[in-house]
Amino acid sequence: FFSAASHELKTPLASIRLLADSILQNETMDQVTLRDFVSDIGTEADRLTRITEHLLALTRLDSLPAAETFPVDVSAVTRRALSMLAPVADAAGVALGSNLKDKCVVQGTEDDLYQICFNLLENGIKYNRPGGRVMADVYRDGDQVLLEVSDTGVGIPEEDMPKVFNRFYRVDKSHSSGGTGLGLSIVKHGAAYLGAQVELHSEPGHGSTFTLTFPKAGA
């Protein structure tokens, strides 16, 4: 894990160093090229930030004692994640939809639940196609609360499905730029932290559906 983490951090750092050296060594660089290089440095710095944030989230889930839990409204948290990711979806040409029922309350922490929602939705956008759609459903089934995120994206081959929750694993290497390969690992660990079960159904070329089943608060 440390070896993989070091490798993931090394790549954007090497890019930043290369871009910075190119700027310093070229005294006649035109303004357009300079702005492009500086923009690329910012992009790589953002990637470092995402990797660091994801590593910290996993470290907390792995090592810290369980935090005090409270009743959390899954629909409200999902709505907040959808709002945050709306500009990302617009830029990718992906539509966001939702069907969020009331009184879907689970016992947990809002931060952990938000991490799960955000990463599932972000994944659905990232591995989609222009004109595609990501749908979030929250509803109750007896004493359980279900969070379902489905997309119309590239899908996951059957042989890769057992591995997608592994840290740094990516099915489609062409999408690796900007991604950390940690999002679904955070989902898996966060779900276990909150006592939820995760199911994945996917078909290559037709999208994926992730379903989390939580025990309802007070059940």
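**Exercise 1. Strand partners in the sheet**

Which residue in β5 is the bridge partner of Asp-137?

Solution. Start with the ground rules. This is a predicted model, in which local features need pLDDT of at least 70, side-chain atom pairs count only at pLDDT 80 or more, and totals for chains, interfaces and linings use all residues. Residues are numbered from 1 along each chain as its sequence is written, and side-chain values use heavy atoms, with hydrogens and water left out.

Step 1. Find the elements. Helices (H or I, at least four residues) and strands (E, at least two) are DSSP runs, numbered from the N terminus. Strand β5 covers residues 144–151.

Step 2. Check the pairing. Two strands pair if DSSP finds at least two bridges between them. β4 and β5 pair in the antiparallel sense over 8 bridges.

Step 3. Read off the partner. Asp-137 bridges to Glu-148 in β5. Further along, Arg-140 stands opposite Val-145 in β5.

Step 4. Look at the turn. β4 and β5 form a hairpin with 2 residues between them. Gly-142 in that turn has a positive phi of about 65 degrees.

**Exercise 2. The whole sheet**

State the strand order of the open sheet and say which strands stand at its edges.

Solution. Step 1. The 5 strands run in the order β2-β4-β5-β7-β6, with mixed pairing.

Step 2. β2 (95–100) and β6 (197–203) are the edge strands. Each has a single partner strand, so one side of each is left without a neighbour in the sheet.

Step 3. From one strand to the next, the twist averages 10 degrees. (Axes are lines fitted to C-alpha atoms, for helices over the stretch in contact, and angles run from 0 to 180 degrees between N-to-C directions.)

Step 4. Add the helices. Helix α3 (residues 74–92) packs on the sheet and touches β2, β4 and β5. Its direction makes about 170 degrees with that of β2. α4 lies across β2, β4, β5 and β7 (207–215), at about 25 degrees to β5.

Step 5. Follow β5 to its other partner. β5 and β7 pair in the antiparallel sense over 7 bridges. Here Ser-150 stands opposite Thr-209 in β7.

**Exercise 3. Burial and the core**

Why is β5 largely enclosed by the rest of the structure?

Solution. Step 1. Fix the cut-offs. Buried means under 20% relative accessible area, exposed over 50%, partly exposed in between (1.4 Å probe, protein chains only).

Step 2. Count. In β5, 6 of the 8 residues are buried, so the strand is largely enclosed. Of the 219 residues of the protein, 38% count as buried.

Step 3. Turn to the core. A nonpolar core is a set of buried Ala, Val, Leu, Ile, Met, Phe, Trp, Tyr and Cys residues joined through side-chain atoms within 4.5 Å. The largest one has 36 residues. Among those with the most contacts inside it are Leu-147 and Phe-214. α4 gives the largest share of this core, 7 residues.

Step 4. Zoom in on Phe-214. Contact means heavy atoms within 4.5 Å. Leaving aside neighbours within four places in sequence, Phe-214 is in contact with residues including Val-106, Leu-113, Val-145 and Leu-147.

**Exercise 4. A second strand pair**

Which residues of β3 (residues 105–108) point to the buried face?

Solution. Step 1. In a regular strand the side chains alternate between the two faces of the sheet.

Step 2. Val-106 and Gly-108 point to one face and are buried. Val-105 and Gln-107 point to the other and are not.

Step 3. Find the partner strand. Strand β1 (residues 70–73) and β3 pair in the antiparallel sense over 4 bridges. Val-72 has Val-106 as its bridge partner.

**Exercise 5. Two loop residues**

Is Asn-128 buried or exposed? Place Lys-103 beside it.

Solution. Step 1. Asn-128 sits in the loop between α4 (110–126) and β4 (133–141). Its relative accessible area is 9%, so Asn-128 is buried.

Step 2. List what surrounds Asn-128. Its side chain reaches the backbone oxygen of Gly-124 at 3.1 Å. Beyond neighbours within four places in sequence, its contacts include Val-94, Arg-133 and Asp-151.

Step 3. Lys-103 lies in the loop between β2 and β3. Its relative accessibility is 62%, so Lys-103 counts as exposed.

Step 4. Check the backbone. Most residues other than glycine have a negative phi. Lys-103 has a positive phi of about 60 degrees although it is not a glycine.

Conventions
Polar contact = N/O pair within 3.5 Å; in protein donor to acceptor, adjacent residues only side chain to side chain.
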